[in-house]
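Work through the exercises below with the sequence and the model at hand. Each task is followed by a solution in steps.

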There are 2 protein chains.
Amino acid sequence: MARTIGSHSDITGPRVREAALTLFARHGYAAVSMRQIAAEVGVQAGALYNYTPDKQSLLADLLAAHMDELLVAHTAETPKNSAPTDALEHFTRFHIRFNAARADAVFISYMELRNLSAENFGRIEALRRVYEGRLEAILRAGVASGAFDIPDPKITALALIAMLTGVNTWFREAGRLSLAEIEEIYWGMVRKTVAV
Amino acid sequence: MARTIGSHSDITGPRVREAALTLFARHGYAAVSMRQIAAEVGVQAGALYNYTPDKQSLLADLLAAHMDELLVAHTAETPKNSAPTDALEHFTRFHIRFNAARADAVFISYMELRNLSAENFGRIEALRRVYEGRLEAILRAGVASGAFDIPDPKITALALIAMLTGVNTWFREAGRLSLAEIEEIYWGMVRKTVAV
């Protein structure tokens with residue numbers, strides 16, 4: 001069915017997702033009702049079901065959309081055929097920048113995994129593994145070329161992602177350090193962690 | 001007022017905290033009622049108020065107790081007058097072991113900060129800063145002695161803690177690696193991160 005550009009559906013869908021993201025991040029998924037989401041958007045509760053079959057689907061779609069966006073942006077922004085050290089530097093800076101700009105989505109991506117159905121959990125975990133796998137591939141390429149010394153690339157990938165995502169727990173726009181300075185400090189740490 | 005050892009209060013207090021911890025970790029603070037906590041303990045909702053004035057106090061006390069336990073254990077287990085490298089190795093292994101054994105408490109310590117009143121948030125943040133400050137002091141001592149090269153010890157302390165706490169997101173008792181092996185891999189990464 002064709003839709004008119006700028007129709008009610010086109011505008012309301014993103015607003016529903018934005019409202020759900022904000023409310024889930026503030027109060028937690030289990031404490032937020034479809035009624036509250038509808039009130040935040042300014043529509044009747046019944047109208048929400050035009051955009052999502054239920055709250056579980058809304059959560060899963062939010063987390064999947066975040067991971068999809070991450071993977072698409074990472075693919076689009078990653079230079080081709082980089083040496084492992086350059087690829088690792090790019091990954092480090094990309095991850096910090098991407099996540100710092102999406103604090104709510106990152107927060108619920110970790111916190112609300114417990115509230116996903118088994119099927120939805122599997123879907124989100126698979127996307128997360130793709131992303132972790134990209135870092136692991138960079139680390140393995142560096143080990144193969146002799147640029148890196150890493151006893152367990154899988155664990156190192158998880159450790160570095162945790163370290164980089166941790167920026168979100170304390171970074172504030174008005175803080176002592178700019179995001180560019182933070183990228184620089186973290187890249188220095190990451191480089192040393194994998195060094196020969 | 002003197003209490004008989006093993007009295008109702010002595011036994012029920014810990015059970016209330018344990019039930020609250022489990023339920024907050026599973027469903028989120030905002031979605032859990034005092035009635036549910038009482039049901040989990042097997043007492044009437046009204047009886048809970050013998051142990052805590054309200055749900056907010058219960059959350060704050062859980063988070064404070066976790067941080068107190070962390071600080072006490074860290075003090076008790078930390079060898080005195082260690083060289084910075086030894087102190088850093090001890091911190092790394094202690095942090096992984098302590099947190100892996102307390103997954104629910106660690107989870108709500110990050111996720112439920114948003115639900116603390118301003119006063120309680122300040123109290124928990126102050127305890128957390130004490131712990132972060134201990135790692136920062138080790139790092140500064142290593143810089144002063146020439147053992148470490150760290151451009152920003154405060155940021156490095158936060159980055160290392162995030163990396164180490166990240167073990168909790170994927171560690172399973174029955175997994176590929178034992179906790180002792182994980183400690184070894186992480187200590188290898190931490191040592192390189194701060195290396196001259």
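The exercises go from the single chain to the pair of chains and then to helix packing.

This is a predicted model, in which local features need pLDDT of at least 70, side-chain atom pairs count only at pLDDT 80 or more, and totals for chains, interfaces and linings use all residues. Residues are numbered from 1 along each chain as its sequence is written, chains are lettered from A and ligands numbered from 1 in the order in which they are written, and side-chain values use heavy atoms, with hydrogens and water left out.

**Exercise 1. Describe the make-up and extent of chain A.**

Step 1. Count the elements, where helices (H or I, at least four residues) and strands (E, at least two) are DSSP runs numbered from the N terminus. Chain A has nine helices and zero strands, and its pattern along the sequence reads α-α-α-α-α-α-α-α-α.

Step 2. Take the extent along the principal axes: the C-alpha trace of chain A spans about 60 × 40 × 35 Å.

**Exercise 2. Determine how chain A and chain B are related and how they meet.**

Step 1. Superpose the copies by least squares on the C-alpha atoms of residues with pLDDT of at least 70 in both. A turn of 180° with a shift of 0.0 Å along the axis lays chain A on chain B with an RMSD of 0.0 Å. This is the relation of a two-fold axis.

Step 2. List the interface, with contact meaning heavy atoms within 4.5 Å. Chain A gives 32 residues and chain B gives 32 residues. Of the interface residues of chain A, 100% are also interface residues in chain B, so the copies meet through the same surface.

Step 3. Work out the buried area, which is the accessible area (1.4 Å probe) that two parts lose on being put together, summed over both. Between chain A and chain B it is about 2,700 Å², with 65% from carbon and sulfur atoms. On the chain A side, Arg114(A), Ile155(A) and Lys192(A) lose the most area to chain B, together 22% of what that side buries.

**Exercise 3. Characterise the packing of H3(B) against H6(B).**

Step 1. Fit the axes as lines to C-alpha atoms, for helices over the stretch in contact, with angles from 0 to 180 degrees between N-to-C directions. The axes of H3(B) and H6(B) (residues 118–145) come within 10 Å and cross at roughly 15°. That makes H3(B) roughly parallel to H6(B), as angles under 35 degrees count as roughly parallel and over 145 as roughly antiparallel.

Step 2. Name the contacts. Residues of H3(B), including Ala60(B), Leu63(B) and Met67(B), meet residues of H6(B), including Ile124(B), Leu127(B) and Tyr131(B).

Step 3. Sort by class: Ala, Val, Leu, Ile, Met, Phe, Trp, Tyr, Cys and Pro count as nonpolar, Asp, Glu, Lys and Arg as charged, and the others, Gly among them, as polar. The contact of H3(B) with H6(B) has 10 nonpolar, four polar and five charged residues.

**Exercise 4. Do the same for H4(B) and H6(B).**

Step 1. H4(B) (residues 84–100) packs on H6(B) at an angle of about 155°, with the axes 9 Å apart. H4(B) is therefore roughly antiparallel to H6(B).

Step 2. Among the residues that meet are Phe91(B) and Phe94(B) of H4(B) and Leu135(B) and Ile138(B) of H6(B). By class, this contact has 10 nonpolar, three polar and no charged residues.

Methods: Parallel < 35°, antiparallel > 145°, perpendicular 65-115°, else oblique.
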